[in-house]
Amino acid sequence: MLVSSSSSSAAQAAREALAIRLVHLMREGGLTGRALSGRCGWHPAKTSCILTAKATLSDVDLRAWTTVCGAGDQAEGLIATARAVDSIPRPPDSPRWC
């Protein structure tokens with residue numbers, strides 16, 4: 001399947017929009033990236049990749065993120081958004097994880 005540059009741009013824009021929502025949750029929860037990483041049991045590099053829209057999150061990751069940020073009620077909506085973002089075609093050379 002060929003992926004157009006417009007769908008590639010749309011995919012990146014969608015990942016960035018999701019990352020911005022996650023940054024807001026983290027800040028509203030009074031957390032830094034390092035603190036969030038520690039509470040989720042992740043290496044800080046994983047959190048950095050998520051915050052810079054270079055990585056996607058699993059459902060489990062999103063539930064952990066929202067729980068430690070005190071926004072567990074937003075988990076299902078973010079999971080639906082992340083699944084929609086992941087359904088947008090990516091170029092074959094685009095990494096799924098940083």
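A cavity, as the word is used here, is a set of grid points where a 1.4 Å probe fits but cannot get out, and its lining residues are those with an atom within 4 Å of a point. Keep that in mind as we walk through this predicted model.

Let's get the overall layout first. The protein has five helices and zero strands, so to speak an α-α-α-α-α pattern when you read along the sequence. Of its 98 residues, 35% count as buried.

Now for the inside. There is one cavity of 30 Å³ or more in the structure, and the volume of this largest cavity is about 80 Å³. Around it you'll find Arg15, Leu18, Ala19, Leu22, Ile50, Ala53, Ala55, Thr56, Leu57, Ala82, Val85 and Asp86. Two elements give two or more residues to that lining: helix H1 (5-28) and helix H5 (75-86). H1 gives the most, with four residues. Sorted by character, the lining residues come out as nine nonpolar, one polar and two charged.

One of those lining residues, Ala53, is worth a stop. Ala53 sits in the loop between H3 and H4, and has a positive phi of about 60 degrees although it is not a glycine. With a relative accessibility of 5%, Ala53 falls under the 20% cut-off, so it counts as buried.

Over to H5, the other helix named for the lining. Is its length what you'd expect? Put better, what span should the 12 residues of H5 have at 1.5 Å a residue? The expected figure is 16 Å, and the end C-alpha atoms of H5 are indeed 16 Å apart, which agrees. As for burial, the buried residues of H5 are Ala75, Leu78, Ile79, Ala82 and Val85. Look down the axis of H5 and these buried residues fall within an arc of 125 degrees, so they line one face of the helix. Ala82 and Val85 turn up in the cavity lining too.

H2 can be read in a similar way. Leu36, Ser37 and Cys40 are its buried residues. Around the axis they cover an arc of only 100 degrees, which puts them on the same side of H2. Flip to the other side of H2 and you meet Arg34, Gly38 and Arg39, which are exposed. Just after H2 comes Gly41, with a positive phi of about 75 degrees.

Next along is Trp42, which brings us to the aromatic rings. How many aromatic pairs are there? The count comes to one. It is made by Trp42 and Trp65, whose ring centres are 6.1 Å apart and whose planes meet at 40 degrees; that angle lies between the 30 and 60 degree cut-offs, so the pair is tilted. Trp42 lies in the loop between helix H2 (33-40) and helix H3 (44-51), while Trp65 belongs to helix H4 (residues 59-68), so the pair ties together parts that are 23 residues apart in sequence. Are these two buried or exposed? Both Trp42 and Trp65 are buried.

Ala64 is also in helix H4. This residue is partly exposed, with a relative accessible area of 24%. Ala64 gives another link between H4 and H2 to look at: Ala64 and Arg39 are 25 residues apart in sequence, yet 8.7 Å apart in space, C-alpha to C-alpha.

Methods. Residues are numbered from 1 along each chain as its sequence is written. This is a predicted model: local features need pLDDT of at least 70, side-chain atom pairs count only at pLDDT 80 or more; totals for chains, interfaces and linings use all residues. Side-chain values use heavy atoms; hydrogens and water are left out. On a 1 Å grid over the protein atoms alone, a cavity is a set of points where a 1.4 Å probe fits but cannot get out, and a pocket is an open set with protein on both sides within 12 Å along at least five of seven lines; lining residues have an atom within 4 Å of a point. Grid points are joined across faces, edges and corners, and a volume is the space filled by probe spheres set on the points. Ala, Val, Leu, Ile, Met, Phe, Trp, Tyr, Cys and Pro count as nonpolar, Asp, Glu, Lys and Arg as charged, and the others, Gly among them, as polar. The expected span of a helix is 1.5 Å times one less than its number of residues. Buried means under 20% relative accessible area, exposed over 50%, partly exposed in between (1.4 Å probe, protein chains only). The arc is that of the directions from the helix axis to the C-beta atoms. Rings of Phe, Tyr and Trp (its six-membered ring) pair if their centres lie within 6.5 Å; planes under 30 degrees apart count as stacked, over 60 as edge-to-face and the rest as tilted.
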